[in-house]
Every structure is written in C-alpha cells, then in structure tokens.
Amino acid sequence: MPLPLYLLALAVLAMGTSEFMLAGLVPDIASELDVTVGTAGALTSAFAVGMIVGAPLVAALARDWPRRAGLLGFVLAFAAAHAVGALTTSFPVLFATRVVAALANAGFLAVALTAAAALVPPGEKGRALAVLLSGTTLATIAGVPGGSVLGALLGWRAAFWAVAALCLPAALGILKGIPAGRPKAEATDGPALRAELARLARPRLLLVMLLGALVNAATFASFTFLAPVVTGTAGLDELWVPVALVLFGAGSFVGVTVAGRLSDRRPGPVVAVGGPLLLLGWPALAVLAHRPVALLALVFVQGALSFALGSTLITRVLYEAAGAPTMAGSYATAALNTGAAAGPLIAAATLRTEVGALGPLWASGLLVATALLIAFPLRAVVASGRGAEVLR
C-alpha cells in the first residue's frame with residue numbers, strides 16, 4: 001500500500017479519537033455542564049449528523065480543490081473546533097463545536113476515501129479502505145482509552161486539547177505526503193456533478209448504504225453507552241472503562257484487517273458468517289454483562305464482527321458508486337454516519353425503559369436483525385465480488 005495512504009490514516013486516527021472518545025467522557029461532561037447523560041450522549045449524534053449533511057455538501061464544494069489543500073484545511077479546522085470546545089463552559093457551544101468539527105471531518109473523510117481508492121488498482125478498494133479505517137480502529141485501541149484516562153485524571157477538557165494537538169502531526173504528514181494539484185484524469189475527464197449525484201438513484205447503491213448504516217447504528221448504539229454497562233451492570237471500577245474500549249478497539253482492528261483481505265473478492269462469506277454471529281453477540285452481551293470476564297471477552301468479539309461486517313458493506317458502497325469518483329467517498333461517509341447518528345439516539349431512548357443500561361445492547365441486536373432481514377432476499381447484490389464491479 002502507498003505511503004500517502006498511511007498518512008491519511010494518521011489523520012483519521014486523530015478524528016476517530018474525537019468521534020469515539022465521548023464514550024468514556026459522557027458522564028463527566030454531563031456532570032460538569034449540568035445535563036443528563038442521555039443529553040450529553042447526543043454530542044455523538046450531533047457529530048454524526050454534521051457528517052451526514054456535511055459529507056455530500058462539502059465534497060461537492062471541494063471537488064475542484066487540490067486534494068492536499070482540501071485535506072490540510074479540513075484537519076486544521078477540526079483542530080480549531082476542538083480548541084474552542086475545550087474552552088467553553090456552555091453545552092450549546094460545545095454542541096455547536098461538535099457540528100463544526102463534524103463538517104471538517106466529513107469533508108476530510110469524503111476526500112480521503114476517494115483519494116485512497118484512487119491510490120490503488122481498481123480491484124483493491126477494500127484493502128485501501130481497511131488501511132484508512134485502521135486509523136479509526138487504532139483510535140479505539142489507543143486514542144480513545146487514552147482520552148478516557150486523560151479525562152479521568154485531568155478532566156474531559158484535557159482530552160479535547162489532546163485531539164487538537166494530535167491534528168498537528170497529521171497536518172504535517174498530509175503536507176509532506178500528498179501531492180499538490182489535482183490528478184490530470186479528474187481535472188480533464190471527470191464526470192459532471194449532476195452525473196455523480198445521479199448514482200444515488202441506483203437501488204444497488206442505496207441498498208448497501210442502508211445496510212452499512214444499520215450495522216454502524218448497532219455499533220454506535222452500544223459503544224456510546226458502554227461506560228455505564230462496565231461500571232454499573234458489571235460493577236467494575238471507572239478505570240476499567242478504558243480497558244473495555246481498548247478491547248473493543250483491538251477487536252475492531254482485527255475485524256477490519258481480516259475483512260480488508262476478503263471484501264474485494266469474497267464479500268459474501270463475510271456477510272453470511274459475520275452477520276449472524278454479530279446478531280447473536282449483542283443479546284449475549286446483554287445477558288452476560290454482569291459477569292466481567294464474559295463482558296470483556298464479548299466486547300472484543302463484537303468489535304471485530306462489527307467492523308468486519310461494517311467495513312465490507314462500506315467497501316460495497318465504493319464499488320457501487322464507482323461512476324462518481326469525487327463523490328463516492330461522501331456516499332460512504334454519509335452511510336457510516338447515518339448509523340452513527342441514529343444509533344446513540346435509539347440507544348438513549350432505551351435507557352429509561354426497564355432494561356436500563358442494557359437497553360443499547362438489545363437495540364443493537366434489533367438493528368443488526370433488521371439489516372439481515374433486508375439483506376437476505378437481496379444477498380446476491382451484497383455478495384458481488386470485485387470482478388463483476390470492475391467490469392461494469
């Protein structure tokens with residue numbers, strides 16, 4: 001894989017840390033800013049909504065920009081939003097900074113996904129996506145638990161400052177590793193914006209976007225509210241929350257790495273095997289959450305299955321949107337973050353039911369079940385290998 005791809009992954013690491021770290025900071029933010037845990041959890045949804053809206057919008061605005069200039073500008077805007085968030089004492093202002101950061105993240109990821117696909121041969125988009133998403137999984141392994149520990153020791157604001165600082169080497173990497181100017185093929189032969197947007201009318205593309213959104217909603221539904229399960233249901237100390245996040249991140253890294261080897265040529269087996277296992281895993285986690293060993297083991301497994309299945313479906317989005325070279329990344333980003341927005345909102349609604357803190361785990365199971373019920377009669381579309389896509 002080309003070196004610039006890994007430099008893009010470094011920036012994704014910084015942004016992924018911000019997106020995921022709230023799972024360990026929500027209780028402290030709620031306490032300091034005098035809002036409920038459910039309200040503080042909406043910060044995750046605000047970030048995701050900003051990315052849903054921002055991905056196609058910012059990608060359309062930035063499609064004529066040089067890639068290096070666009071990527072660098074988005075990273076610096078992301079850092080600035082976190083600096084403001086670290087300074088504010090107002091929840092509405094913090095909420096607004098999450099939306100601004102999301103717009104910057106959306107623009108970056110939309111351009112980065114397209115750039116990553118262009119850096120590799122046509123049939124290796126899955127591997128390129130796996131490298132790019134490894135930044136996200138590494139964020140859950142190191143960045144997110146690190147932010148959680150930093151928040152526990154120095155307060156949640158320190159975690160926001162750390163993310164802003166992490167953006168600086170990422171910006172330097174982009175400046176040094178991404179060529180200036182636009183690729184000649186895109187500058188002269190690229191399709192019109194209207195033609196790229198017309199791809200959204202294709203049922204195959206909409207199907208894989210919907211499935212990717214449902215699986216990601218299940219992931220974020222439980223991940224956002226994992227801390228109360230660890231400290232409440234399992235009865236573990238607060239410092240075990242970073243441990244659980246590390247295990248989830250380690251599992252997600254394994255899942256996305258393995259799926260990256262399979263999603264180009266053999267996506268069918270990933271969905272056929274990973275889907276049912278993921279479906280069984282969420283209710284199993286809810287039933288066994290009071291047993292710390294079982295809880296931690298299943299957190300690892302669910303992280304692996306969630307990212308293996310989710311990354312495979314997002315790879316299918318890139319293949320199905322192959323006729324939209326500058327907008328395909330925004331479609332994949334929108335699918336990912338539609339789930340990231342809906343998941344925590346659905347999960348928050350379950351917190352006040354009889355199941356309490358375990359509600360998000362049951363909600364995740366229902367979301368995966370919905371995805372599989374939709375996918376089963378249309379499995380031939382999801383299982384299409386790269387050969388059929390490259391020939392179309």
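Okay, let's start with E320: its relative accessible area is 1%, so it counts as buried (buried is under 20%, exposed is over 50% and partly exposed is in between, with a 1.4 Å probe and protein chains only). Before I go on, this is a predicted model, so local features need pLDDT of at least 70 and side-chain atom pairs 80 or more, while totals for chains, interfaces and linings use all residues. Residues are numbered from 1 along each chain as its sequence is written, and side-chain values use heavy atoms, with hydrogens and water left out.

So what does E320 pair with? R204 forms a salt bridge with E320, with the closest N and O atoms 3.2 Å apart. By salt bridge I mean a side-chain nitrogen of Lys or Arg within 4 Å of a carboxyl oxygen of Asp or Glu. That one links distant parts of the chain, with R204 in helix 9 and E320 in helix 13, 116 residues apart. Helices here are DSSP runs of H or I, at least four residues long, numbered from the N terminus. R204 is partly exposed, at 25% relative accessibility.

E320 also meets R202 in a salt bridge, at 3.4 Å from N to O. Again the partners are far apart in the chain, 118 residues, and R202 sits in the loop between helix 8 (193-198) and helix 9. R202 is partly exposed too, at 24%. Put those bridges together, and R202, R204 and E320 are joined into one network through shared partners.

The structure holds three salt bridges, and the one I haven't shown yet is R157 with E32, at 2.8 Å from N to O. Here R157 is in helix 6 (residues 156-177) and E32 is in helix 1 (residues 3-32), 125 residues apart. R157 is buried at 18%, whereas E32 is partly exposed at 45%.

Now, the packing. T219 is in helix 9 (residues 203-224), and with a relative accessible area of 2% it is buried. Which residues does T219 touch, not counting those up to four places away in sequence? They are F248, W282, S306 and F307, where contact means heavy atoms within 4.5 Å.

A289 is another one to look at. It lies in the loop between helix 12 (267-288) and helix 13, and it is buried at 0%. Leaving aside neighbours within four places in sequence, A289 is in contact with V229, T233, A234, L295 and L358. For A234, the C-alpha atoms are separated by 5.9 Å, although the two residues are 55 apart along the chain.

Over to the surface. L138, F253, V254, V258, L262, F300 and V301 form a nonpolar patch with about 500 Å² of accessible area together. The elements giving two or more residues to that patch are helix 11 (240-262) and helix 13 (292-320), and helix 11 gives the most, with four. One of the patch residues, V258, lies in helix 11 and is partly exposed at 46%. For the cut-offs, patch residues have over 30% relative accessible area and no salt bridge; like charges are joined within 9 Å, and nonpolar side chains (Val, Leu, Ile, Met, Phe, Trp, Tyr) within 5 Å. Areas come from the Shrake-Rupley method with a 1.4 Å probe, and for residues only the protein chains shown count as cover.

Last stop, R265. It is in the loop between helix 11 and helix 12, partly exposed at 47%.
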